[in-house]
Amino acid sequence: MIENRRVTVILPAYNAAKTLARTCAEIPRDIVDDIILTDDASCDETVAIAGALGLHTIRHEHNRGYGGNQKTCYQAALERGADIVVMLHPDYQYTPRLVPAMASMLVSDHYDAVLASRILGRGALAGGMPLYKYVANRALTFTQNILMGAKLSEYHSGYRAWTREVLERLPLDRCSDDFVFDNQMLALAMHAGYRIGEISCPTKYFPEASSINLRRSVIYGLGVLGTSVQYRLHRAGLRHGKLFDEVPR
Ligand SMILES: Nc1nc2c(ncn2[C@@H]2O[C@H](COP(=O)(O)OP(=O)(O)O)[C@@H](O)[C@H]2O)c(=O)[nH]1
Ligand SMILES: [Mg+2]
């Protein structure tokens, strides 16, 4: 709990057996009340390890994709009474030790969402982010900031905190089941006028922490651009975007 608000960490997992225990060991249990893992039909021992670690575990019968997995996570967190939900990849790429800092930013009531940015500060390349991913991240972020009228350091982090209110109000079922889910969710939050904060976060790249190849990265990048263009056209009243249709605030 932080200031009487229940803090839940959600771990959308896919083949995370090698990194799950290390990730969980660093989640600060003094403030985290609930840890939920949703397994997207992994081929490895993810579910068995999650059980041994005592995590509340939900398993998809069939692989639904990264976004589909998050829909399950967020829904479960709300059903189990979360006030603050921190989404963290169980691939040990981001440090779990920033969960209290992110949750604190939300309870300050200055922010409705917090992104842990690998780009704020200078650690991304030193942490092993491949140069092509870094350049793509910077180029997409530059373009998105213009299209979305925002000033974020990146839109692509897998480490994000949300208040219960945001999760209850955003129509997440409209978002993709694929990787572009994260970007669509963020665009929805911006469209609804929620306040988005950032915190700097070290990152580590090693084989088990990064499986997305160039082809899937390109598909993701095009999806991100499509989301931003749709956002701009919708906001300008030039073209109705289904994703942004009557988003409640
Ligand atoms: N549900 C689901 N998650 C996936 C799939 N492929 C990758 N992921 C997860 O998506 C997240 C981001 O992928 P990752 O390879 O770590 O990307 P990178 O760190 O940005 O290079 C990780 O937590 C993966 O476990 C998939 O097919 N389904
Ligand atoms: Mg990763």
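## Ligand 1 and selected residues in a predicted model

In this predicted model, a polar side-chain atom of Ser210 lies 2.5 Å from an oxygen atom of ligand 1. Two further polar contacts to ligand 1 involve backbone atoms. A backbone N or O atom of Ile212 is 3.1 Å from an oxygen atom of the ligand, and a backbone N or O atom of Gly65 is 3.3 Å from a nitrogen atom of ligand 1. Taken alone, ligand 1 exposes 570 Å², of which the protein buries 91%. The three contacts are listed below.

| Residue | Atom of the residue | Atom of ligand 1 | Distance |
|---|---|---|---|
| Ser210 | polar side-chain atom | oxygen | 2.5 Å |
| Ile212 | backbone N or O | oxygen | 3.1 Å |
| Gly65 | backbone N or O | nitrogen | 3.3 Å |

The space that ligand 1 takes is the largest pocket. Around the ligand stand 16 residues, the closest being Asp40, Gln93, Lys133, Ser210 and Ser211.

Gln93 also appears among the contacts of Lys204. Leaving aside neighbours within four places in sequence, Lys204 is in contact with Tyr92, Gln93, Gly127 and Ala209. Lys204 belongs to the loop that runs between strand E7 (196-200) and helix H9 (214-235). With a relative accessibility of 34%, Lys204 counts as partly exposed, because that class covers values between 20% and 50%. Between the C-alpha atoms of Lys204 and Thr143 there is a separation of 25 Å, and the two residues are 61 residues apart along the chain.

A second loop residue is Ser157, found between helix H6 (131-148) and strand E6 (159-163). Its relative accessibility is 2%, so Ser157 counts as buried, the limit for that class being under 20%. The side chain of Ser157 reaches the backbone oxygen of Ala116 at 2.6 Å. Not counting residues up to four places away in sequence, Ser157 touches Tyr94, Ala116, Arg118 and Asp182.

Asp182 leads to helix H8, as it is one of the buried residues of that helix. Helix H8 spans residues 181-191, and 10 of its 11 residues are buried, so the helix is largely enclosed by the rest of the structure. The buried residues are Phe181, Asp182, Asn183, Gln184, Met185, Leu186, Ala187, Leu188, Ala189 and Met190. Just after H8, Gly193 adopts a positive phi of about 85°.

Note on methods
Residues numbered from 1 in each chain as written. Chains lettered and ligands numbered in written order. Predicted model: local features only at pLDDT ≥ 70, side-chain atom pairs only at ≥ 80, totals over all residues. Heavy atoms only, no water. Helix = DSSP H or I, 4+ residues; strand = E, 2+ residues; numbered from the N terminus. Buried < 20%, exposed > 50% of the residue type's maximum accessible area, 1.4 Å probe, protein only. Contact = heavy atoms within 4.5 Å. Near = heavy atom within 4 Å. Polar contact = N/O pair within 3.5 Å; in protein donor to acceptor, adjacent residues only side chain to side chain. Areas by Shrake-Rupley, 256 points an atom, 1.4 Å probe, with all protein chains shown as cover. 1 Å grid on protein atoms, 1.4 Å probe; cavity = no way out; pocket = protein on both sides within 12 Å on 5 of 7 lines; lining within 4 Å. Sits in = over half its atoms within 2 Å of the grid points.
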